[in-house]
Amino acid sequence: EPGRRLYLERYGPEARAALERARASGERDALAHVARRYPLTEAARQAWWSLGDYEFELGEREAARAAWQRAAHATREAGLELGPG
């Protein structure tokens, strides 16, 4: 837990900024990069959710499902509960 806390303090702000840039760019690869580069952060979880949404909008249902599954896994690993959606 102390290591996780230090990681989040160090990389959390950087990850949030990277997520905002990735969302603004609209590039799916940029979202995947954020999720993989900062795996323990809230930004990573949001990047996976956003990536799933983009893939779904493009008709890539399997890719969307894979991204959403990664988001769900990351959410559970962080000790958070998934919402009803």
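1. Before anything else, a word on "contact": two residues count as being in contact when they have heavy atoms within 4.5 Å of each other. With that in hand, look at how α1 meets α3: Ala15, Arg16, Leu19 and Arg23 on the α1 side touch Ala43, Gln46, Ala47, Ser50 and Tyr54 on the α3 side. Sorted by class, the residues of this contact are 5 nonpolar, 2 polar and 2 charged. Keep in mind throughout that you are looking at a predicted model.

2. Now the geometry of that pair. The α1 and α3 axes come within 9 Å, crossing at roughly 15°. Angles under 35 degrees count as roughly parallel, so α1 is roughly parallel to α3. As for handedness, the α1 and α3 crossing is left-handed.

3. Next, α1 with α2. Here the axes also come within 9 Å, but the crossing angle is roughly 170°. That is why α1 and α2 are described as roughly antiparallel. From α1 the contact takes Tyr7, Tyr11, Glu14, Ala15, Ala18, Leu19, Ala22, Arg23 and Ser25, and from α2 it takes Ala30, Leu31, Val34 and Arg37. The class count for α1 against α2 is 9 nonpolar, 1 polar and 3 charged residues.

4. The third pair to look at is α3 with α4. Their axes come within 7 Å and cross at roughly 165°, so these two helices are roughly antiparallel. The crossing of α3 and α4 is left-handed. On the α3 side, the residues involved include Trp48, Trp49, Leu51, Gly52 and Phe56, while α4 brings in, among them, Ala63, Ala64, Ala67, Trp68 and Ala71. By class, the α3 and α4 contact holds 11 nonpolar, 2 polar and 5 charged residues.

5. What sits in the middle of all this? The largest nonpolar core has 17 residues, and the ones with the most contacts inside it are Leu19, Leu31, Val34, Tyr38, Ala47, Trp48 and Leu51. Four helices each give two or more residues to this core: α1 (2-25), α2 (28-37), α3 (42-57) and α4 (61-77). The largest share, 6 residues, comes from α1.

6. Ala47 is a handy place to start if you want to click through that core. Setting aside residues up to four places away in sequence, Ala47 touches Leu19, Leu31, Val34 and Ala35. Leu19 turns up in the α1 contact with α3, and Leu19 also belongs to the α1 contact with α2.

7. Thr41 is worth a look too. You'll find Thr41 in the loop between α2 and α3. Is Thr41 buried or exposed? Its relative accessibility is 2%, so Thr41 counts as buried. Beyond residues up to four places away in sequence, Thr41 touches Tyr7, Leu8, Tyr11, Gly12 and Ala15.

8. Glu55 is a charged residue in helix α3. The cut-off for buried is under 20% relative accessible area, and Glu55 has 11%, so Glu55 is buried. Leaving out neighbours within four places in sequence, Glu55 is in contact with Arg28, Glu60, Ala63 and Ala64.

9. For contrast, try Arg21 in helix α1. Arg21 has 55% relative accessibility and therefore counts as exposed. From the C-alpha of Arg21 to that of Ala63 the separation is 22 Å, with their places 42 residues apart along the chain taken as the distance in sequence.

10. Which residues does Trp68 contact, leaving aside its neighbours within four places in sequence? They are Trp48, Trp49, Gly52, Asp53 and Phe56. Trp68 itself lies in helix α4, and at 26% relative accessibility Trp68 counts as partly exposed. Trp68 and Glu20 are 48 residues apart in sequence, and their C-alpha atoms are 19 Å apart in space.

11. Last stop: Leu82, in the segment after α4. With a relative accessible area of 38%, Leu82 is partly exposed. Not counting residues up to four places away in sequence, Leu82 touches Trp49, Ala72, Thr75 and Arg76. The C-alpha atoms of Leu82 and Ala71 are separated by 9.7 Å, and the two residues are 11 apart along the chain.

Notes
Residues are numbered from 1 along each chain as its sequence is written. This is a predicted model: local features need pLDDT of at least 70, side-chain atom pairs count only at pLDDT 80 or more; totals for chains, interfaces and linings use all residues. Side-chain values use heavy atoms; hydrogens and water are left out. A nonpolar core is a set of buried Ala, Val, Leu, Ile, Met, Phe, Trp, Tyr and Cys residues joined through side-chain atoms within 4.5 Å. Buried means under 20% relative accessible area, exposed over 50%, partly exposed in between (1.4 Å probe, protein chains only). Axes are lines fitted to C-alpha atoms, for helices over the stretch in contact, and angles run from 0 to 180 degrees between N-to-C directions. Angles under 35 degrees count as roughly parallel, over 145 as roughly antiparallel, 65 to 115 as roughly perpendicular and the rest as oblique. A crossing is left-handed if the near helix is turned anticlockwise from the far one by less than a right angle, and right-handed if clockwise.
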